[in-house]
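Q: Please take a close look at a single strand and its surroundings. Which elements flank the strand, and what packs around it?

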Amino acid sequence: MAKLPDHLDIHLIRILYLLLCEKNVSRVALKLNQPQPSISASLRKLRELTGDPLLVRGARGMVPTQHGESLLKPAKRILEETERLFVQKTAFVPQAEARTFHIAAPDYMNTPFFLEVVARLRRESPKSRIVIHALGPETDYVRLLSDGDLDLVIANWDEPPAHLHLSKLFDDPIVCLMRADSAYAKRTGPDQMTVEDYLSLPHVAPWQVLPGYHGIIDSFLDSQNLNRNVVVESAYFGMLPYMVAQTDLVLTTGRQFARFYEKTLALKSFTLPIKFPPMRFYQLWHERVHQATEHKWLREQIGIAAKSMLAK
């Protein structure tokens, strides 16, 4: 990498940008309210620094060289970024301003919650963009949060990283979901499932949800020295309800997730005979965005969406 010249002046970059735009030393001098010889001297310095004429005579006045033309966008970007360094921090005005929010969540995140989140964000900040990223076993979400590629992660963890900020969104009780016209569902009431029934039924389960995340269901069963009959594992959680709707398989999942698919598919929820702890969902973020007003607003909206979903 080439060594930058000492005492590089941002004003010199502004002169470079204006010269490439205006293609005229006199006009740049007028714009900057500086004498023409001063701008000519700056052009000589720029030529020396870049090793290129930058502007040469053309048929109708001065024109940028090929190298000069290639410097136009970088010069503009540097000036814009420099301006941002010294802009006073102001409160985010969601109805008037546009931001892009990057949110990551695993695909087992229940659909009603994200419908509520997206509807609320669209209503409250219509000019903003929302990008929902996948959160899988290979996702280094800690690095992505610290690098600024993600603004927020929503999921449930056994032990979330201690150095990240966290707030609870909601608890989702665990139920057993199966086809409503399956032989077992026809002969058994929704509150009559036994431990033996639950363990012996053919289960479909997600495969390796998050790095270091064994899963609330199997972690709890292990602690009780119990083992369920998992016959299908899938890395794609979104297809599990459809597998259940077409087979004799059962799915252990959160009640909010189950309710959505009970309405859209011919499925039925059963109360579990084992007292699993609920699935506890959090939002997680990095210190780098902790004080930013738009991110405080985003986290508040997601918290409101969680409460609104539970109230329905």
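A: Start with one pair: Val-153 in strand S5 is the bridge partner of Ala-104. Strands here are DSSP E runs of at least two residues, and helices are H or I runs of at least four residues, both numbered from the N terminus. This is a predicted model, in which local features need pLDDT of at least 70, side-chain atom pairs count only at pLDDT 80 or more, and totals for chains, interfaces and linings use all residues. Residues are numbered from 1 along each chain as its sequence is written, and side-chain values use heavy atoms, with hydrogens and water left out.

S5 covers residues 152–155. On one side, strand S3 (residues 100–105) joins S5 through two bridges, and the two run parallel. Strands count as paired if DSSP finds at least two bridges between them. Strand S12 (residues 279–285) also joins S5, through three bridges, but runs antiparallel. There, Leu-284 stands opposite Val-153.

Now the side chains. In a regular strand they alternate between the two faces of the sheet. In S5, Leu-152 and Ile-154 point one way, and Val-153 and Ala-155 the other. All four are buried, meaning under 20% relative accessible area (exposed is over 50%, partly exposed in between; 1.4 Å probe, protein chains only).

Val-153 has contacts beyond its neighbours within four places in sequence: Ala-104, Leu-135, Tyr-141, Leu-145, Tyr-282, Gln-283 and Leu-284. Contact means heavy atoms within 4.5 Å.

Val-153 also belongs to the largest nonpolar core, of 67 residues. Such a core is a set of buried Ala, Val, Leu, Ile, Met, Phe, Trp, Tyr and Cys residues joined through side-chain atoms within 4.5 Å. Val-153 is among the members that touch the most others, as are Phe-113, Met-178, Met-193, Tyr-198 and Ile-302. Helix H13 (residues 293–311) gives the most to this core, with six residues.

Helix H6 (residues 111–124) packs against S5 too. Its buried residues are Phe-113, Phe-114, Glu-116, Val-117, Arg-120 and Leu-121. Seen down the axis of H6, they fall within an arc of 155 degrees, so they line one face of the helix. The arc is that of the directions from the helix axis to the C-beta atoms. Besides S5, this face packs against S3, strand S4 (129–134), strand S6 (165–172) and H13.
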